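User: Hey, can you walk me through this one? I'd like to go through it bit by bit.

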2 protein chains.
Amino acid sequence: MDSKKFLLQEKDIPTAWFNIIPQMPTKPRPMLNPATKQPLSAEDLFPLFSEEAARQEMNTTDSWIEIPEQVRDIYKIWRPTPLVRAAGLEKAIGTNCRIYFKNESVSPVGSHKLNSAIPQAFYCKQQGVTNITTETGAGQWGAALSLASRMFGLDLAVYMVKVSYHQKPYRRSIMQTYGAEVVASPSMSTKAGRKIITDTPNHQGSLGTAISEAVELAMSTPNCKYALGSVLNHVSLHQTVIGLEAEKQMEMAGDYPDIVIGCFGGGSNFSGIAFPFMRHNLEGNKNTTFIAAEPASCPKLTRGVMQYDFGDEAGYTPLIPMLTLGHNFAPANIHAGGLRYHGAGAVVSQLMCDNLMSAVDIPQLESFDAATLFAKAEGIIPAPESAHAIAAAIRQARKADEEGSPKVILFNLSGHGLIDMTAYDRYLAGDLANYEVTDEDVARNVAGLDKII
Amino acid sequence: MDSKKFLLQEKDIPTAWFNIIPQMPTKPRPMLNPATKQPLSAEDLFPLFSEEAARQEMNTTDSWIEIPEQVRDIYKIWRPTPLVRAAGLEKAIGTNCRIYFKNESVSPVGSHKLNSAIPQAFYCKQQGVTNITTETGAGQWGAALSLASRMFGLDLAVYMVKVSYHQKPYRRSIMQTYGAEVVASPSMSTKAGRKIITDTPNHQGSLGTAISEAVELAMSTPNCKYALGSVLNHVSLHQTVIGLEAEKQMEMAGDYPDIVIGCFGGGSNFSGIAFPFMRHNLEGNKNTTFIAAEPASCPKLTRGVMQYDFGDEAGYTPLIPMLTLGHNFAPANIHAGGLRYHGAGAVVSQLMCDNLMSAVDIPQLESFDAATLFAKAEGIIPAPESAHAIAAAIRQARKADEEGSPKVILFNLSGHGLIDMTAYDRYLAGDLANYEVTDEDVARNVAGLDKII
């Protein structure tokens, strides 16, 4: 075990987030109001999000957005996070490549999600909001926002997809321990929930139904805002602390990445590790390859179509220009619950169209092969989501070795898997399967949707 | 949230462990062979433990024992660990005291146990051992030794108490993910196990039965040694990295602790945080108060008797001079499984007798009150074991405030509770109870044992 950590001091926590949009050769198209098909302004989002989050969402001009001192103070609980030269992993796969990972699993909730939960809660508090609401699937985002809300004395109601509420009681208990109200969705607490339960008794919920309930609560409750954990520009913005720290740490290591990899659900952790390095490509100084690793069962980047689509299944959100499988796409029930989302955020979708980044899809079994290999080699049991980034890194290392051209590979370890051991249990028992989605599946699903625009 | 971390660099990881025995005014009495009642030598322990562990166990002369470079290299995966000024906790309880905690929860397995698992596995590897075996109750020690064994390419068999094997599947899966063989104990794989199952079909196991099976396997398998995660001197020795780092970090903070607190099961994490500070008391330079926080349901320090006793329920181990509730004491099934042990190690027992440290017992509900308060204030969900240290720290802070004499309090956060959320769930549901043990209960239990010496 010759793995080596590169550590920063608290003073090295970035003082500003990096906004990639001003440097993009093609700006992402704007979000649209689904009724009028007109572009939305930041003000149009004020009823739903905190004003500062809405302004950040629409900011296409400022490359750097200051991190409030109060947010940096809380980042200090677990940041800066370590960068690790994964010598154990290199040895285990016998590669000549140098592999590094940024370890975001060290946050108190075990994932990178806290990087955006803290500022989102802070901006709510700052404008006098008293209540927040959100939805959560597997519970990583819900856990992060529960802690963030507690730290600013805000009340939080989390709509947790009913099947997860019962199958993942540990994450539910974490949210409750931080003092959040956790409701199994669909619930009787909203009109949307009551309608679903009335129409379909015993409905087990979906991210779509949970979003509908959370949005309804936010819109109908005084002093209540809604918060989202991925997909949107301001969430990716907050996550750039990952890549900005990693940049300094790669410098300490005397290396610069040829390849940067992140797993991909809605885009937040990928954007966080990638965008700060991508700016050097856009400035013409570097030629790094960026790879998003998505599950083969939910392949919006590798097989999706580029069009305006809703962010949720029920169609309550603004229209977002995205690479999408169709907002009603029902991904297989893989254990990487955080990657089961039908579309990619507007910025990443545009970067894909402009060939400024690429994507690979990873079958579930390959992800767990990589996860257990990594656990034995580096000691950390990765989240099933993060395992996709590890698998992609191993693929790239093997390819480079075959080509006789060793590379410097950096990936983001977005979280640990200690609360996902049921998944490992099933993997070790040989109970897990692969689920593939074909281009034809996607074409059929998208064609079946009403024409959106 | 004004909590502040004090961080060291890798070069600050101690290069030697601190052995308190040479400085003790009264040396602990020796372990005895139960058959001959004669003191044991290091060589007597060679069949069971690695030779270096056995030598360290018996070392009463060297105050500093060098940490092998290979062990320090692996410590670097997660060490040095942070020291935190718990300003959030201070504010939450409104104290004038300054409270610090050492955060051992950041290890890949989530607890301090890895500090001793790594050297124990290393010394086995060094002398050509190929197999290790151990027992585990709740699974913290088993998980740590699983990772340590994997890192040195050793095969590990863990006998896990049967009721935990079924009730705590997450910890079992963690061990299996690291490649350990995990056997529910009692099992059919040993004579001891077969006898228990034959005598008592459907026996749910105990730490005593699991130790018997592990010891039998070690003694009957070529090239196989046994490893223990607490109680013994060499385990406490390895854990002193905690206190040695904390000493430097308190200096960075410009403070020195008036009170040092650790939770107490067999003694390893308490010894680890306390002994390095205690040496300054023994040298006459400081007057710090040391407090071990044990559960009210298993109060060997506050209510136990000092006598020679077995380390296991079945009576297979050497006789150890200990504060004990009797080796057949059956503690209530509290969620802090790591604190359910009948006796204290020889060194701590002697220090208690000499009034060089003290102890408090904490009811289960008070420990969870403290745990949830801490989670909300500092963001980290503590292990149920560590919650006892937090509760004791809160008691001390309130006492100091009442006396109008604010203190500097340092406690050890031995692990996180992310794999113990079932316990929090039951606490939040109001399902947890307190279990008290009286002096009369102890006297009755000890009197019922055969006279040992």
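Analyst: Sure, let's begin with a salt bridge: the side chains of B:Asp425 and A:Arg172 meet there, at 3.3 Å from N to O. Keep in mind that this is a predicted model.

User: How many salt bridges does the rule find across the interface of chain B and chain A?

Analyst: Four salt bridges turn up across that interface. There are also twelve residue pairs in polar contact between chain B and chain A, counting pairs with both residues at pLDDT 80 or more.

User: Ok, and which elements of chain B supply at least two residues each to the side that touches chain A?

Analyst: In chain B those are β1 (4–6), α3 (69–75), α6 (140–151), α8 (169–177), α15 (364–378) and α17 (421–428). The most comes from α8(B), which gives six residues to the side of chain B that touches chain A.

User: What's the mix of residues by class on that side of chain B?

Analyst: On the side of chain B that touches chain A, you get 19 nonpolar, nine polar and twelve charged residues.

User: How many residues does the contact take from each chain, and how much area do they bury?

Analyst: The contact takes 40 residues from chain B and 40 residues from chain A. Between them the two chains bury about 3,700 Å², with 60% of it on carbon and sulfur atoms.

User: What rotation puts chain B on chain A?

Analyst: A rotation of 180 degrees, with 0.0 Å of shift along its axis, superposes chain B on chain A at an RMSD of 0.0 Å. The two copies are therefore related as by a two-fold rotation axis. The same surface serves both copies, too: 100% of the contact residues of chain B recur in chain A.

User: Switching topic. Is B:His342 buried or exposed?

Analyst: B:His342 is buried, because its relative accessible area is 6%, and the cut-off for buried is under 20%. You'll find B:His342 in the loop between β13 (319–324) and α14 (346–353) of chain B.

User: What lies 2.8 Å from a polar atom of its side chain?

Analyst: That's the backbone oxygen of B:Phe310, 2.8 Å from a polar atom of the B:His342 side chain. Leaving aside neighbours within four places in sequence, B:His342 is in contact with several residues, including B:Lys300, B:Asp309, B:Met322 and B:Phe329.

User: And B:Arg444, buried or exposed?

Analyst: B:Arg444 counts as exposed because its relative accessible area is 56%, and exposed means over 50%. B:Arg444 belongs to helix α18 (residues 439–447) of chain B. From the C-alpha atom of B:Arg444 to that of B:Gly337 there are 24 Å, and the two residues are 107 residues apart along the chain.

User: Anything odd in the backbone? Which residues does a cis peptide bond join in chain A?

Analyst: A cis peptide bond joins A:Ser185 and A:Pro186, with omega about 5 degrees. A:Pro186 sits in the loop between β8 (181–185) and α9 (191–199) of chain A. In chain B, the bond from B:Arg79 to B:Pro80 is cis, with omega near -5 degrees. B:Pro80 is in the loop between α3 and β4 (83–85) of chain B.

User: Why point those out?

Analyst: Because most peptide bonds are trans, and most residues other than glycine have a negative phi.

User: What's phi of A:Val231, then?

Analyst: Phi of A:Val231 is near 70 degrees, a positive value in a residue other than glycine. A:Val231 lies in the loop between β9 (224–226) and α11 (233–252) of chain A, and A:Val231 is buried at a relative accessible area of 9%. In chain B, B:Val231 has a positive phi of about 65 degrees, and B:Val231 counts as buried at 9% relative accessibility.

Methods:
Residues numbered from 1 in each chain as written. Chains lettered and ligands numbered in written order. Heavy atoms only, no water. Helix = DSSP H or I, 4+ residues; strand = E, 2+ residues; numbered from the N terminus. Buried < 20%, exposed > 50% of the residue type's maximum accessible area, 1.4 Å probe, protein only. Polar contact = N/O pair within 3.5 Å; in protein donor to acceptor, adjacent residues only side chain to side chain. Contact = heavy atoms within 4.5 Å. Buried area = accessible area lost by both parts, 1.4 Å probe. Nonpolar A, V, L, I, M, F, W, Y, C, P; charged D, E, K, R; others polar. Least-squares fit on C-alpha atoms with pLDDT ≥ 70 in both.
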